[in-house]
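Me: I'm new to reading protein models, and I'd like to go through this one with you. Could you help me look at it piece by piece?

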Amino acid sequence: MDSDSVLKGTIKGDKVMPVLYFLPPSPPCRAVMMLSRMINVNFELKPINVLEKEQLKPEFVEMNPQHCVPTMNDDGLILWESRAIMTYLVSEYSSDDDSLYPKDARTRALVDQRLQFDLGTLYARMNDYFFPTIFIGAPLDESKKARLDEALNWFDAMLKDRTWCATNNITVADVTLLVTVSQIEAFDFDLKPYARVMAWLNRCKAALESYGYEEINQSGCDTLAGIYRSKMGLSNEL
Ligand SMILES: N[C@@H](CCC(=O)N[C@@H](CS)C(=O)NCC(=O)O)C(=O)O
């Protein structure tokens, strides 16, 4: 990564292609990558190896003081937080179709609520339960499992009488929540008590099959689950 390309995207013809700094197995990066396939946005991809602490290089920290991936640079607009990147991409690039991030205020409010439920609750609790094991080999904490179960129960209730999590069609909220729930599933967490969540999960997987679900998301789920299993001393046979 050179400092010049941190500050500017690469010019392709008369267009500046948005740059995405990413790490393939990172869940928030996977959500952005799948969404970009859905709306045909091509990124100039710049891998940042967080495990090697590349995100702490001064030029990256200068661009994003929070030094996290995904980070996007769209012609000088520097954005991080995957859900903010996703809603921006739909608003900026998704031509006349507003179904992925509806323009109607009341409908959009529900999508925003689900996005924030994922950021602040479901993804946060999944992260809190599993990631200390992945990163430092810490033992699992039953109280954190209970908090994750509680959040899954809430999500199951939100899905009552719904095909998709917020509106009558798939939205950015389904994409980000899909990444979270599929990762929870890959960690062998018991989702059977959450019948609506399981049905919704299968619907989302099918809907995203042609947008790189296996290549982008499932492979990342499996990579993190493999690290988790080896830290737990479990077999890595899938
Ligand atoms: N809420 C953020 C989370 C971003 C995040 O935590 N990214 C991790 C990788 S999954 C990261 O960059 N960690 C390295 C660091 O924070 O220094 C999002 O959705 O984009």
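Me: How many Å does helix H6 reach from its first C-alpha to its last?
Reply: Happy to help! This is a predicted model, where local features need pLDDT of at least 70, side-chain atom pairs count only at pLDDT 80 or more, and totals for chains, interfaces and linings use all residues. Residues are numbered from 1 along each chain as its sequence is written, and side-chain values use heavy atoms, leaving out hydrogens and water. Helix H6 covers residues 142-158, which makes 17 residues (helices are DSSP runs of H or I with at least four residues, strands are runs of E with at least two, and both are numbered from the N terminus). The expected span is 1.5 Å times one less than the number of residues; that gives 24 Å for H6, close to its actual reach of 25 Å.

Me: Which helices do the buried residues of H6 pack against?
Reply: Buried means under 20% relative accessible area, exposed over 50%, and partly exposed in between, with a 1.4 Å probe and protein chains only. In H6 the buried residues are Leu148, Asp149, Ala151, Leu152, Phe155, Asp156 and Met158. Their partners, by contact (heavy atoms within 4.5 Å), are H5, helix H7 (172-186) and helix H8 (195-207).

Me: Is Ile134 buried or exposed?
Reply: Ile134 is found in helix H5. Leaving aside residues up to four places away in sequence, Ile134 touches Phe187, Leu224, Ile227, Tyr228 and Lys231. Because its relative accessible area is 4%, Ile134 is buried.

Me: And is Phe135 buried or exposed?
Reply: Phe135 is also found in helix H5, which spans residues 105-136. Its relative accessible area is 55%, so Phe135 is exposed.

Me: Which residues join Val69 in a cis peptide bond?
Reply: Here is a useful rule: most peptide bonds are trans. The bond here has an omega of about 0 degrees. The partner of Val69 sits in the loop between helix H3 (58-63) and strand E5 (71-74), and that partner is Pro70.

Me: What is the phi of Asn40 near?
Reply: Most residues other than glycine have a negative phi. Asn40 lies in the loop between helix H2 (27-38) and strand E4 (44-47), and Asn40 counts as exposed because its relative accessibility is 68%. Its phi is positive, near 60 degrees.

Me: Where is Lys53 found?
Reply: Lys53 has a positive phi of about 65 degrees, although it is not a glycine. With a relative accessible area of 51%, Lys53 is exposed. Its place is the loop between E4 and H3.
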